Each structure stands twice: as C-alpha cells, then as structure tokens.
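Dear colleague,

I am passing on to you the structure that we talked about, and I would be glad if you kept it open beside this message. What I found in it follows directly below.

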Amino acid sequence: MKARRVVVVALAASGASACLWAASIDRLDVSRVRDHYSLVADAHLAATPESIYAVLTDYDDNRFGRISSIYKESRYLDPDTDGTPLVFTRTEGCVAWHCMKFDRVERLETHKPNWIKSSVLPERSDFKYSTSEWMLEPDGAGGTNLTYKLEMEPDFWIPPLIGPWRLKRTLADGAPRAVRRIENLARQLEGLPIDPTVPPPGKASR
C-alpha cells in the first residue's frame, strides 16, 4: 500500500529507530446522515489475528484503557438471556470545547480469530443505536489486514459545529496511536519486540 510505504520512509528520514513493524492506517472515512454517524477504517498490523483478537476481546479490569485513555471503565457483565456475552464500557472525551461522557452495554458476537461484532443495548446505553465490527485477515507474512466499521446514533446532543470533519480530525489524531498500541499489545502476547516510540495512554496522548 502506498500509504504504508510513506509511513516507513518518513520514519527512516526522521532518524527514528528501525520500527519496521509500525502499524499503519490506510483508510479512514467518517460520514454523517442526520444523527447517524458511520466510520470505516482499514489498517495493517504486524501481529497475528489471534493475538489482535485477544487484545480486542479483553474487557476485564479496564484493559481497554491500555488502548486509549478515553476508556475509563471496561468489563464483562453477566451474559444476555440467550447466553451471548455482554460488555460494559464508559468513555469520556472532548471534541473542540465540548466534553462528553457516555456508557455503553453491548452484546459481543465473535468468530475467533477473524471477526468481532458488538451491538449496543439502547435501554442500557447512551446510544439509540450502535454497532461495531472488526474483521481480521492474515496477510500471509505474519501480519494482519484489519477493517473496522462503526455505525452509531447517539442518544445525547452534539453541537452542530461538531460535524464529521471535526470528528474525523479528532479520530485522525487518535486512531493511529490506538492502532499502534493494539499492535504493541498483540506483539507482547507473541513475545515479539514492540515499538518503544508508542506513547502510553494519558492526558497528553489519548
């Protein structure tokens, strides 16, 4: 992918350490139709689908906070009536001057190690509708091509000036760091070297 080559060249030109495993986002699209938001992202990670799957399904003890500091709580709940796992997350974040906090209870459907889907329960969440889907495909060289899709309709007011372009800017700033953290966490599970330049989640680095 052209975008991936650009990332590698930029790292080399800046004198960065040889992080040939650095994750890259090849596509990030955000759109809105009325109150319905959609996001699609394609990325490549130098870790196996099995280890990435393990990271993305580890909700216990707020382990999602290792991916981004917007996660203040994450944990498994008692299963739904049909036995489907339920997960809880509480997130906080700011876009421009407007800060938001919201809870989400979701059904978690999986097909290990290639597919993860979560669907919000509106009666227990701050969303009228929300689904997210992770698709993990091996690249044939020990890495993973990842596609992430999000559809949501919040059950809270968003100021009109916070449109898709501002949301996309916020995601564009935070998404690469989150993807690189996922990659590092997955590589740790595999006992492989990690990228030491990836900052941990914190106030200055979400």
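Of the 206 residues in the chain, 41% are buried, and please keep in mind throughout that this is a predicted model. The chain exposes about 11,200 Å², of which carbon and sulfur atoms supply 55%. Among the contacts in the chain with a separation of 6 or more, 49% are between residues 24 or more positions apart.

As for secondary structure, the chain has three helices and eight strands, and if you read from the N terminus on, the order of the elements is α-β-β-α-β-β-β-β-β-β-α.

I then looked at strands E6, E7 and E8. Strand E6, residues 115–120, pairs in the antiparallel sense with strand E7, residues 127–138, over five bridges, and these two strands form a hairpin with six residues between them. Within this pair, Ser118 stands opposite Ser132 in E7. Strand E7 is also joined to strand E8, residues 144–154, by eleven bridges, and the two run antiparallel; here Met135 has Thr147 in E8 as its bridge partner. The hairpin of E7 and E8 has five residues between the strands, and in this hairpin Gly140 takes a positive phi near 85 degrees.

Lastly, you may wish to find Gly83, which lies in the loop between strand E3 (71–77) and strand E4 (86–95). Is Gly83 buried, exposed or partly exposed? Its relative accessible area is 47%, so Gly83 counts as partly exposed. The C-alpha atoms of Gly83 and Arg107 are separated by 9.9 Å, and these residues are 24 residues apart along the chain.

With best wishes

Notes
Residues numbered from 1 in each chain as written. Predicted model: local features only at pLDDT ≥ 70, side-chain atom pairs only at ≥ 80, totals over all residues. Heavy atoms only, no water. Pairing = 2+ DSSP bridges. Helix = DSSP H or I, 4+ residues; strand = E, 2+ residues; numbered from the N terminus. Buried < 20%, exposed > 50% of the residue type's maximum accessible area, 1.4 Å probe, protein only. Contact = heavy atoms within 4.5 Å. Areas by Shrake-Rupley, 256 points an atom, 1.4 Å probe, with all protein chains shown as cover.
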